[in-house]
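User: I would like to learn how to read a structure like this one, feature by feature. Could you show me the general idea first and the case at hand afterwards?

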Amino acid sequence: MSKRRSIIEIPSLNAIDRTANVGRQLAQALRNAIARGELRSGERLPSTRSLAASLKIARGTVVEVFDQLTAEGYLQARVGSGTRVAADLIDATPALPPQPAVPSSADAVDLPSQAARLIAIARALTPHPPVPFAIAVPACGIAPDDNWRRLGNRVRASRQAAPSGYHDPMGLLELRLAIADHVRRARAVHCEPEQVIVTSGTQQGLYMAGRVLLSRDDAVWAEDPAYPGLTAVLDDLGVRTHRLPVDVQGMNVERGLELCPQARAAFVTPSHQYPIGMPLSMARRNSLITWADQNRAWIVEDDYDSELRYAGHPFPSMQGLRPSRVIYLGTFSKVLFPSLRLGYVIAPPPLAEAFAGARAILDRHSPIAEQHVLAAYMREGYFEAHIRRIRGLYAERRAVLLTALDRVLPEGCGVQQSDHGMHILLWLPEEVDDVQLAARALSAGLAVRAISPMYAAQPARPGLMLGFGGFLPDQLQAAVGELVKLLSQQMPQAGGPQQAEA
Ligand SMILES: Cc1ncc(COP(=O)(O)O)c(C=O)c1O
């Protein structure tokens, strides 16, 4: 028997439903296996004859599927050496291809309603491959940097990374001290280390906040449009969400007071509204705090990228204005890198232990070795230096992107003004289907996010989020050219370049 694992052991291949289109399922299963790294670049596939025999399907079907995937660039066929997974796939984490529009075999079985909802969430939150304009891609050559690697080696060689028992669900004390120190200085957060709970990122922080603060059927406020990771959490918790429109001042708090003043919590991105980008005005911050005080409600502040501001001074955190009513969520995904999976909650003191409980029932705590590495990185001054460096680098890349867009944007498109973060927002003419455009862009090797699905109110304004942090200037310029080509196909009447929108 061959020492190599057989392709037939790939689980999705064995899940083929013979009552539906077998070729389409086989193609999708192979794409998924490649995307998940179950089949690696250069790996040889069995012959069409033996694969057909093992799967008990017609050889012609396998031949067609191989041809199709060769045309899509997943496979390469060479005379004399069979068919292999293409050698030049981007990296080990390419995009999962679009999900089949037709019901899969999983849809045919009697799924629990919760499972069906979670499948939809998995599809909506599928990460993008690291191609332009994916948002959360760390700057190449900068993060993780040499210091990060050196500290990692130091921790791994020490007792800090030795196998041990369970740790405190609040997180490693050294890291909580470093986080408290950072948010006090950088974000005017009022806190002690006892209020800091290390999380696996803001996504987990949002979920924990929901578990700690809300009961089923409670009413909450959220922005419209909003971060899909938040709306997925609120749906999952079974709360009644009132989506409040955003305008130039951010979330319309007055609308919340009209709709449902008795809401238990408001989820906001006050530093940099997601996805549009404006900060919540001081007047709205004050109204929100007054509402929370009067109704004994909570404000959940998602401060996901406030370190990345390119002009002027950021508004300080809302937490600093009312520490007793605000749950502050921070993350290392934007300033370091998302695969680190570390973030934090700063909870009012009476709630801190409840957050520890919420964390304990999820997964107890984050890996200790990574927490040691991050604590040392922060304590020894590398984190601040890193933020300063990427801020400069991202500012340059952002300027390159804005200039490139400004030259070629068709009439009717406009860039939303914002001086913050790792993405810019490109508004599209009303008749353009941003979801369809994003799907086409992905097939052409561009990862843009459509914003219309982030709106509850209909009709939603179409637009695209373009990330710039992880890409070199010439990559960004080339990608703008590609994007505009795709855009022109969707709006053939497009005129010449247009000035950016204020
Ligand atoms: C607005 C917003 N909130 C939360 C998150 C989740 O971040 P994390 O990687 O820390 O879970 C993101 C990630 O992109 C985000 O954009």
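**Reading exposure and contacts**

Analyst: D181 is partly exposed, because its relative accessible area is 35%, where buried means under 20%, exposed over 50% and partly exposed in between, with a 1.4 Å probe and protein chains only. This is a predicted model, in which local features need pLDDT of at least 70 and side-chain atom pairs count only at pLDDT 80 or more, while totals for chains, interfaces and linings use all residues. Residues are numbered from 1 along each chain as its sequence is written, and side-chain values use heavy atoms, with hydrogens and water left out.

User: Which residues surround the ligand?

Analyst: A residue is near a molecule if one of its heavy atoms lies within 4 Å of it. Here the ligand is surrounded by residues including G201, Y227, D302, K334 and R341.

User: Where do polar contacts to the ligand appear?

Analyst: A polar contact is a pair of N or O atoms within 3.5 Å. A backbone N or O atom of T202 lies 2.7 Å from an oxygen atom of the ligand, and for a backbone N or O atom of Q203 the distance to a ligand oxygen is 2.8 Å. From T331, a polar side-chain atom lies 2.5 Å from an oxygen atom of the ligand.

User: Which residues touch the most other members of the largest nonpolar core?

Analyst: A nonpolar core is a set of buried Ala, Val, Leu, Ile, Met, Phe, Trp, Tyr and Cys residues joined through side-chain atoms within 4.5 Å. The largest one has 86 residues, and F332 and L466 touch the most other members.

How values were computed
A polar contact is a pair of N or O atoms within 3.5 Å; within protein, one must be able to donate a hydrogen and the other to accept it, and residues adjacent in sequence count only if both atoms are side-chain atoms.
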